[in-house]
Amino acid sequence: MKQIFKLSALLIALCFSFVSCQKAYDPTPDVTKPDGTNPFKGTFSCKIDGDVFIAEQQTATLSDVNGTKVLTVTGIQYGFERDDKNFRTISLVISGYNGNQKYAVGGNVQVSYTIMVDGFATSYTSTLTNTNYHVTTTGNYVGTFNTAVTEVGAPNTKIALTEGKFDIQ
């Protein structure tokens, strides 16, 4: 009877030795893909005509549109009411995204700035081209930007977006 008990204990021990608690093998354990859809992780900031803009929510997505990679990075700053009628948002869209590099604003790179006050929107877009206007990506959802945007329907109203940076984790 003792031998059956010892044999049973040995078989159970062998079974547990073949079953491991290790995680699946990861060839790149130090490389993590950021969760660009979590609106509370990361940073997005710039100066708007010299005034500081710090986003309270930020998102980044990389999508495929008809075989073209499109990177979209957005930052939202709410007003005191913290509702959907009072906020400011900045969006950077790079169509033809091809990794870390400097992208000239205009054409495939569009920047938009929207101010929502009491439910009424004023929108600005990057219709101006200049060699100093760019979005530069330096990592997964990490980069800088510097540009100017003009009000839709009022091209003489220009706003500078400077010292822009984003790091969406």
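This short talk describes the fold, the aromatic pairs, the core and several selected contacts of one protein.

Good morning, colleagues. Please bear in mind throughout that we are looking at a predicted model.

I shall begin with the overall architecture. The protein has 1 helix and 11 strands. Read along the sequence, the order is α-β-β-β-β-β-β-β-β-β-β-β, so that the helix precedes the strands. Of the 169 residues, 31% count as buried. The protein exposes about 11,100 Å², and 57% of that area is supplied by carbon and sulfur atoms. As to how the chain is connected in space, consider the contacts between residues at least 6 apart in sequence: 48% of them join residues at least 24 apart.

Let me turn to the aromatic residues. A pair of aromatic rings is described by the distance of the centres and the angle of the planes. A search of the whole structure finds 6 aromatic pairs, and I shall discuss two of them. In one of these, Phe44 and Phe166 are stacked, with 6.4 Å from centre to centre and 25° between the planes. This pair links distant parts of the chain: Phe44 belongs to strand S1, residues 43–48, and Phe166 to strand S11, residues 154–167, with the two positions 122 residues apart. Are these two rings buried or exposed? Phe44 has a relative accessibility of 1% and therefore counts as buried. Phe166 is likewise buried, at 2%.

The other pair consists of Tyr113 and Tyr124, and its geometry is tilted: 5.6 Å centre to centre, with 35° between the planes. Tyr113 lies in strand S7, residues 109–117, and Tyr124 in strand S8, residues 120–125, so this pair ties together parts that are 11 residues apart in sequence. Tyr113 is buried, with 2% relative accessibility, and Tyr124 is buried at 8%.

Returning to the phenylalanines, ring pairs link Phe44, Phe53, Phe145 and Phe166 into a cluster. Phe44 also has a place in the largest nonpolar core, which holds 28 residues. Which members of that core touch the most other members? They are Phe44, Ile90, Leu92 and Val135. Several strands contribute to this core: S1, S4 (68–78), S5 (87–95), S7, S10 (142–151) and S11 each supply at least two residues.

Ile90 offers a useful view of these surroundings. Leaving aside its neighbours within four places in sequence, Ile90 is in contact with a list of residues that includes Phe44, Phe53 and Tyr113. Also among its contacts are Cys46, Ile48, Val73, Val111 and Leu161.

I now move to polar and charged residues. Gln58 is located in strand S3, residues 57–65. With a relative accessibility of 3%, Gln58 counts as buried. The side chain of Gln58 reaches the backbone oxygen of Gly42 at 3.2 Å.

Ser126 sits in the loop between S8 and strand S9, the latter spanning 134–139. Ser126 also counts as buried, at 3% relative accessibility. What does its side chain reach? A polar contact of 3.3 Å joins the side chains of Ser126 and Gln110, and the backbone nitrogen of Val111 is reached at 2.8 Å. Not counting residues up to four places away in sequence, Ser126 touches Val105, Val109, Gln110, Val111, Thr147, Ala148 and Val149.

Side chains of opposite charge can pair when their charged atoms come close. How many salt bridges does a search of the whole structure find? The search finds 1. Glu163 forms this salt bridge with Lys47, the closest N and O atoms being 3.7 Å apart. Glu163 is in strand S11 and Lys47 in strand S1, so the pair ties together parts that are 116 residues apart in sequence. Glu163 is exposed, with a relative accessible area of 54%, whereas Lys47 counts as partly exposed at 28%.

Finally, a word on Ala121, which lies in strand S8. Ala121 is partly exposed, with a relative accessible area of 49%; the boundary for calling a residue exposed is over 50%. Not counting residues up to four places away in sequence, Ala121 touches Thr114, Ile115 and Met116. The C-alpha atoms of Ala121 and Asn86 are separated by 9.2 Å, although 35 residues separate them along the chain.

To close, I would recall one point about strands S1 and S11. The stacked pair of Phe44 and Phe166 links them, and so does the salt bridge between Lys47 and Glu163. Thank you for your attention.

Terms used:
Residues numbered from 1 in each chain as written. Predicted model: local features only at pLDDT ≥ 70, side-chain atom pairs only at ≥ 80, totals over all residues. Heavy atoms only, no water. Phe/Tyr/Trp six-rings, centres within 6.5 Å; stacked < 30°, edge-to-face > 60°. Helix = DSSP H or I, 4+ residues; strand = E, 2+ residues; numbered from the N terminus. Buried < 20%, exposed > 50% of the residue type's maximum accessible area, 1.4 Å probe, protein only. Core = buried A, V, L, I, M, F, W, Y, C linked by side-chain atoms within 4.5 Å. Contact = heavy atoms within 4.5 Å. Polar contact = N/O pair within 3.5 Å; in protein donor to acceptor, adjacent residues only side chain to side chain. Areas by Shrake-Rupley, 256 points an atom, 1.4 Å probe, with all protein chains shown as cover. Salt bridge = Lys/Arg side-chain N within 4 Å of Asp/Glu carboxyl O.
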